[in-house]
Amino acid sequence: MNYIGSKYSLLDFLSTSIEKVTQIENVQNLVFADLFAGTGIVGATFKKKGYTVISNDIQHYSYVLNKHNIENNEELIIDFVEHLNSLEGIEGFIYKNYCLGSGSGRNYFTDYNGKKCDAIRTEIERLYKNNEITENIYYYYLASLINSIDKLANTASVYGSFLKHIKKSAQKKLELKLLPIIKSDQAGKVYNRNINDLIREIKGDILYLDPPYNARQYCANYHLLETISKYDTPNIKGKTGLRDYTIQKSLYCSKKTAEATFEDIIQKANFKYIFVSYNNEGLISLDNIKEIISKYGEYQVFTQEYRRFKADKEENRTHKATFTTEYLHCLIKPI
């Protein structure tokens, strides 16, 4: 997924820096925690390396993606994929509220894809509630649906707005394509919690933190994926059909609360190694991050220049710079 803050292009930098600091050779039975998981690319990378991974994100669609990526460890029976892809579309919540043909005024998906998404999402839920599929397969199918439908969204990468005309990639017909399974002997665990609450209850060896950097709330930018994930027919409002996200607002997206909330995690974390991704345009200054982290142990920092996140070419936004600098702050904590 083309996701704000994705670390896909920085995986080599992150892995090399973390390995340089920890100098761990045998990762068996070691715990790696990725607690602002997003699409889960970092946690999945360290799962492949052999770590037991703890994953968390307050967004439900992220929880679903990571339930599959982290907790599904072996091949699963996929008897219903052909059945799901053969379903006729239905006029469900997505079609009625986010497709132009319904009269909603919103143009997030073609009418076909909105109806097809409703049909597949409804059937996945029915199969699970009737015990025709296991929990593992439920999250496998649901994560795959979220990934598949996201590729067909008629947006400039995020769901803060839709495009007036259906772009070429959004014209393709929805087909449920299964995500890969990362095989592992280690049983990971995924949470859908507020990180500042969860941090008091877990422990491990390496903690990776990738908090929001600015005032942009993920729950608003990806509200439609949240609705497909939960399929809870929420009350929506406005031109974009936004769901209420009050309880998911991040304190890291406010200059007034970001520093204190960040320090609370660092202080409470029961991990020897803590790594924090934060770029040079964040709400918390680099000096303040260094000051906070240095209170609790040995501090180091690594940097990498990279191309900033951009929506696709149909979105006409200008940026001050094409590149930004990623800082990976490191704390070796005496615990």
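**Salt bridges and surface exposure**

Modeller: R193 and E201 make a salt bridge, their closest N and O atoms sitting 2.8 Å apart. Keep in mind that this is a predicted model, where local features need pLDDT of at least 70, side-chain atom pairs count only at pLDDT 80 or more, and totals for chains, interfaces and linings use all residues. Residues are numbered from 1 along each chain as its sequence is written, and side-chain values use heavy atoms, leaving out hydrogens and water.

Biologist: What makes R193 and E201 a salt bridge?

Modeller: The rule asks for a side-chain nitrogen of Lys or Arg within 4 Å of a carboxyl oxygen of Asp or Glu. R193 and E201 have 2.8 Å between their closest N and O atoms, so the pair fits the rule. By this rule the count comes to 16 salt bridges.

Biologist: Why is E201 called exposed?

Modeller: Exposed means over 50% relative accessible area, buried under 20%, and partly exposed in between (1.4 Å probe, protein chains only). E201 has 53%, so it counts as exposed. R193, at 27%, is therefore partly exposed.

Biologist: What about K230 and E226, why is one called partly exposed and the other buried?

Modeller: K230 has a relative accessible area of 33%, so it is partly exposed. E226 has 1%, so it is buried. These two also form a salt bridge, with closest N and O atoms 3.7 Å apart.

Biologist: And why is R243 called buried?

Modeller: Its relative accessible area is 7%, so R243 is buried. R243 forms a salt bridge with D232, at 2.7 Å between the closest N and O atoms.
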